[in-house]
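Visitor: I am new to this structure and should be grateful for a close look at one part of it, followed by an account of its surroundings.

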There are 2 protein chains.
Amino acid sequence: MSNTPIPTRERLIEAAGKLFYGEGIRAVSMDAVADKAGVTKRTLYYHFRSKDDLIAAYLETRDQPNLALFRRWFAETEGGLAEKVVGIFRHLAQSARHPKWKGCGFLRTSVELVNLPGHPAMKAARAHKQRAEQWFAEVFEEAGIARELSQQLARQVVLLMDGAFAVVLLHRDASYMEAAGDAAARLVRDTEQRQLG
Amino acid sequence: MSNTPIPTRERLIEAAGKLFYGEGIRAVSMDAVADKAGVTKRTLYYHFRSKDDLIAAYLETRDQPNLALFRRWFAETEGGLAEKVVGIFRHLAQSARHPKWKGCGFLRTSVELVNLPGHPAMKAARAHKQRAEQWFAEVFEEAGIARELSQQLARQVVLLMDGAFAVVLLHRDASYMEAAGDAAARLVRDTEQRQLG
DNA sequence: TGATGTATACCGACCAGTGAATATACTCAA
DNA sequence: TTGAGTATATTCACTGGTCGGTATACATCA
C-alpha cells in the first residue's frame, strides 16, 4: 500500500484555488495560501515563481472541469434544445444557492486584474469564455441551426450567463439565474423560428 | 469675481472616483487618492472616517448620473420600443470604446467586496441595479406591456447589460455590447408578441 | 555527491489610520 | 471696528502591521 501520491504542486494549487475563489485574489496573501496548504511560504515560492504564476495556475485548472459540467447538464436534461439550455441554467442556479458559491472565478479574477490585460490569468479567462461560447455554438449547429445564427445565439446565451453570475452574486439571489435561463430559452426558440421562416 | 467655490469634499470624491474606477478600489491606496486630490492624507481622513466611507461615497455619486444617461439615450432614439432599447446599448458600446472605459463601477466594486455583503458600497450597488431594473420595467409598462411581463423583461434586459459589461471588459471588444443589444431587442419583440397573442 | 524540496528568519515597500500642532475663517462682546 | 475666542480645515511626521519576495541553511534520496 503506497502513500497517497498527491503531488505537492497540485495540493498548493488546490489550497490557493479555495482561497482565491472564496475571497478574491487580491484579498488573499501568499502567507495565507502557504498556511492553508500546511507549507512554508518558501516552499510555495519553490513551486511557483510568483503570485501571478499561482493565480494563472489556479485558473488554468478550472477550465476543463467547468466545461465538462455544461456538457453533462446539457446531456442529462430531457426535451428540446431550449429545454436543454434551460437545464444548464437550472443547475447553475442550484450551485449558486450553496453558501460558498461566489460567482464565476474567471470573471471575478478578470475584474481584479482589469489593468493587466496581458496577465496570464486574463488570457486563461478569455480562453475559457471563448471555449464556452464555441461549445454552445457547436451544440446549436448540431441541432440544425445555421452556423451564423448559432454563433450569434451562443454569444447571447453566454452574455446572459455572465450577467447572471454577476447579478446573482450582487443580490445573493439565485432566481436571477433562472430568469437568465428563461431569457436564453426565448432566444433559442426565436432563433429556431427564424431558421424555419 | 469670486473664487471657484468647489467644495473640498466633492473634489476628494471626484479624485477618488477617477482612481477607484480606473484601477479598482483595492488597487488604490489612500495615499494615492490624497496625492491625486493635491491634499494630505490627514485631510482626507478629516472628511471621511475611513476608506470604506470614501468608497461608499464614490458609488453614491455615480447613481443618478448613470440613470439619467439611460433616460436620455432612450428618449433620443427614434423607433419602436425595441429600437429605443437598442439605442441604449449602442450608446453603451460607444462609451465602451473609450480607452478609459472600465466596465460598470458598481459591478466591479461589488466583485471586490464579495465577502462584505453589508458594506455600504454593496448596498449602493444593489440599489443602483434595482433602480435600473425598475426604470426599464416602468418604461415597458408605459409602452403597454403588462406589469408582470414588463418586470420579467426588465430583469432580463439588465442581465444582458451586466453580462455585456463583464464580457466587453474581459475581451476589450465593444461589439459584445451590440450583441447584447440585439438579444434585448429580440426579447422585447418576443414579449410584445406574447402580449398580443 | 548533487538534485530536489523544505524550513527559519528576514527585508524593504507599502498601507490604513493617527497624534500633535498649525493655519484659516467665523462669531460676538467691548 | 476691533480683538479674543472658537470651530473648521489642513499639514508634517509617525506607527503598527501586512505584503510579495528572498538569503541561507538543512534534509532527503537517487
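Visitor: Where is B:Arg172 found in chain B?

Guide: B:Arg172 is found in the loop between α8 (147-171) and α9 (175-196) of chain B; helices are DSSP runs of H or I with at least four residues, strands are runs of E with at least two, and both are numbered from the N terminus. The model is a predicted one, in which local features need pLDDT of at least 70 and side-chain atom pairs count only at pLDDT 80 or more, while totals for chains, interfaces and linings use all residues. Residues are numbered from 1 along each chain as its sequence is written, chains are lettered from A and ligands numbered from 1 in the order in which they are written, and side-chain values use heavy atoms, with hydrogens and water left out.

The backbone of B:Arg172 deserves attention, for its phi is near 50°, a positive value in a residue other than glycine. Most residues other than glycine have a negative phi. B:Arg172 counts as partly exposed because its relative accessible area is 41%; the class lies between buried, under 20%, and exposed, over 50%, with a 1.4 Å probe and protein chains only. In chain A, A:Arg172 lies in the loop between α8 and α9 (175-196). Phi of A:Arg172 is also positive, near 50°, and a relative accessibility of 40% makes A:Arg172 partly exposed.

From this loop one may turn back into helix α8 (residues 147-171) of chain A, where A:Met161 has its place. A:Met161 counts as buried because its relative accessibility is 3%. Apart from residues up to four places away in sequence, A:Met161 touches A:Phe70, A:Phe89 and A:Leu92, where contact means heavy atoms within 4.5 Å. The C-alpha atom of A:Met161 is separated by 9.8 Å from that of A:Ile88, 73 residues apart along the chain. Another buried residue, A:Thr77, sits in the loop between α4 (51-76) and α5 (81-96) of chain A. Its relative accessible area is 12%, so A:Thr77 belongs to the buried class. With neighbours within four places in sequence left aside, A:Thr77 is in contact with A:Glu83, A:Lys84 and A:Gly87.

The wider division of chain A comes next. Its domain assignment gives domain 1 (1-48) and domain 2 (62-196), with bounds that come from an automatic or database assignment. Nine residues from domain 1 of chain A and 10 residues from domain 2 of chain A take part in the contact. The C-alpha centres of these two domains of chain A lie 29 Å apart. About 700 Å² is buried between domain 1 and domain 2 of chain A, and carbon and sulfur atoms give 44% of that area; buried area is the accessible area (1.4 Å probe) that two parts lose on being put together, summed over both. In domain 1 of chain A, the residues that lose the most area to domain 2 are A:Tyr21, A:Ile25 and A:Arg26, together 76% of what that side buries.

The two protein chains also meet. Chain A contributes 41 residues and chain B 42 residues to their contact. The area buried between chain A and chain B is about 3800 Å², with 63% from carbon and sulfur atoms. In chain A, the greatest losses of area to chain B belong to A:Leu159, A:Leu170 and A:Arg186, together 21% of what that side buries.

Two DNA strands complete the picture. DNA strand D is surrounded by 15 residues, among them A:Met30, A:Lys41 and B:His47; a residue is near a strand if one of its heavy atoms lies within 4 Å of it. α3(B) provides the largest share of the surface near DNA strand D, four residues. A polar side-chain atom of A:Lys51 lies 2.6 Å from a phosphate oxygen of DNA strand D, and one of B:Thr43 lies 2.7 Å from a phosphate oxygen of that strand. DNA strand C likewise has 15 residues around it, including A:Thr40 and B:Arg42. For DNA strand C, the most is given by α3(A), with four residues. A polar side-chain atom of A:Thr40 lies 2.8 Å from a phosphate oxygen of DNA strand C, whereas one of B:Arg42 lies 2.8 Å from a base oxygen of DNA strand C.

Notes
A polar contact is a pair of N or O atoms within 3.5 Å; within protein, one must be able to donate a hydrogen and the other to accept it, and residues adjacent in sequence count only if both atoms are side-chain atoms.
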